[in-house]
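Good morning, colleagues. Please look at the structure on the screen while I take you through its empty spaces, its aromatic residues and two of its helices.

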Amino acid sequence: MNAQRAPAPHPETGPPFWLLAELTYQCPLHCAFCYNPVDFARVEDELSTEDWLRVLRQGRELGAVQCGFSGGEPLQRRDLETLVAEAHRLGYYTNLITSGIGLNERRIADLKAAGLDHIQLSFQDSTREVNDFLSSTRTFDLKRKAAALIKQHGYEMVLNCVIHRLNIDHVEAIIEMAVAMEADYLELANTQYYAWAHVNREHLLPTREQLARAEAVTVRWRERLEGRTRLIFVVPDYYETRPKKCMNGWGNVFLTIAPDGAALPCHTARMLPGLAFPNVRDLDLRAIWYDSEGFNRFRGTDWMQEPCRSCPEKEKDLGGCRCQAWMLAQDPAAADPVCAKSPRHGELRAVVERAQAPQAGVPAQPLVFRGRRESKALGRPF
């Protein structure tokens, strides 16, 4: 799609609900399913503390009420407590999305004093061996210590574990670990195939049998726990026949700010060709949200091609995911190939069918772990 003049602002656009501050792409982990861009190493000019404070103020003036601090690993930023304190002063509900690496007694006490409302802690598996293999680090014991600190300081225990072929058969053990930690929530988030997960898709896409078995285990535990630990099981898009309403609609709820200040409707949108995404160093958030080409391009339904344009469900799913359309159909305005009505749905089904016999052959490409050297080598693979 060629870059053209920006579409007119969508008349029904309201303010963003959620501001996601991706503070840094620095991270001590090297997960093979990381959602950061595969060329993250090219982003070296992170926003300053003053830049982020200005973004937080403008976001609140715009109407955002929730603020998530993520990365990379947000604890890599020494000014995290300063940013949390300002977000709290402004009236945001604040959420830290973390691997737990770097969360010690002093930092969690300082974050609590700054007003941090919520912490989501990630694990890669229920055992030290698999957890550390999948992150290519020795971090399992550090994560367990972080979990204990979160409980000690009165936070809800919210655990997230990304699920894929290499750990999906361990779902029961992962649930048992969460229950032993007295987790209030456990999100079993099946991998969505963007960024590093897309690079490693042949290794990570589970079989139908694995998915069915894992979901059945989750249902059984959900009944057994009776709400003591809430279990959330997210099915991967590739096994659906209707697309999700991605990010609850393009430029509708979520406003993401990347570490270098790029403003995005979702954290993977920068891969899309022909779109100009503004930077908070150049424009204020109000102009970015309401007037920029990047945020108006796929708002509403006027941009749609067939079969989406005439589909009776178009208001329900808004055509699905634009990044997935680009990756799988090479057209960001195409129907999401997850949809059974998409002309490219058969190609997606072929990918799924290949995954049904994961032991039939060794994937052509070895598992690629997230790293700066690999990032520079891969560049933009889509």
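**Cavity, pockets, rings and helices**

The structure, which is a predicted model, holds one cavity of 30 Å³ or more. About 100 Å³ of space lies in this largest cavity. Its lining is made up of 13 residues, and those closest to the centre are Pro243, Cys308, Cys311, Asp317 and Cys339. By class, that lining divides into six nonpolar residues, one polar residue and six charged residues.

Allow me to turn to the pockets. The largest pocket contains about 1500 Å³ of space. It is lined by 48 residues, of which Tyr35, Gln120, Asn160, Glu187 and His267 are the closest to its centre. Which strands supply at least two residues each to the lining of the largest pocket? They are strand S1 (18–22), strand S2 (66–70), strand S3 (93–98), S4, strand S5 (158–163), strand S6 (185–190) and strand S8 (254–257). In terms of class, the lining of the largest pocket has 22 nonpolar, 20 polar and six charged residues.

The second largest pocket has a volume of about 320 Å³. Of its 23 lining residues, Gly249, Trp250, Asn252, Gly300 and Leu318 are the closest to the centre. Helices contribute here: helix H12 (314–317) and helix H13 (322–329) each supply at least two residues of the lining of the second largest pocket. The classes in this lining are 10 nonpolar, seven polar and six charged residues.

Trp250, just mentioned for the second largest pocket, brings me to the aromatic residues. Together with Phe277, Phe298 and Trp303, Trp250 forms one aromatic cluster. How many aromatic pairs are there in the model? The count comes to 10. Consider the pair of Trp289 and Phe295: the ring centres are 5.6 Å apart and the planes stand at 50°, so the pair is tilted. An angle between 30 and 60 degrees is what places a pair in that class. Both Trp289 and Phe295 are buried.

Two aromatic rings also have a charge over them. The charged end of Arg224 sits over the ring of Trp221, 4.1 Å from the ring centre. Likewise, the charged end of Arg370 is placed over the ring of Phe40, at 3.9 Å from the centre of that ring.

I now come to the helices, beginning with helix H4, residues 128–135. Which residues of helix H4 are buried? They are Val130, Asn131, Asp132, Leu134 and Ser135. The elements that cover these buried residues include strand S4 (118–123) and helix H5 (140–152). Strand S4 thus appears in two places in this account, since it also supplies at least two residues of the lining of the largest pocket. Just after H4, Ser136 takes a positive phi of about 55°.

My last example is a single residue, Glu86, in helix H2, residues 80–90. Is Glu86 buried or exposed? Its relative accessible area is 11%, and Glu86 is therefore buried, the cut-off being under 20%. Setting aside its neighbours within four places in sequence, Glu86 is in contact with Leu53, Leu56 and Arg57.

That concludes the presentation, and I thank you for your attention.

Technical notes. Residues numbered from 1 in each chain as written. Predicted model: local features only at pLDDT ≥ 70, side-chain atom pairs only at ≥ 80, totals over all residues. Heavy atoms only, no water. Helix = DSSP H or I, 4+ residues; strand = E, 2+ residues; numbered from the N terminus. Buried < 20%, exposed > 50% of the residue type's maximum accessible area, 1.4 Å probe, protein only. Contact = heavy atoms within 4.5 Å. Phe/Tyr/Trp six-rings, centres within 6.5 Å; stacked < 30°, edge-to-face > 60°. Lys NZ or Arg CZ within 6 Å of the ring centre and 35° of its normal. 1 Å grid on protein atoms, 1.4 Å probe; cavity = no way out; pocket = protein on both sides within 12 Å on 5 of 7 lines; lining within 4 Å. Points joined across faces, edges and corners; volume = space filled by probe spheres on them. Nonpolar A, V, L, I, M, F, W, Y, C, P; charged D, E, K, R; others polar.
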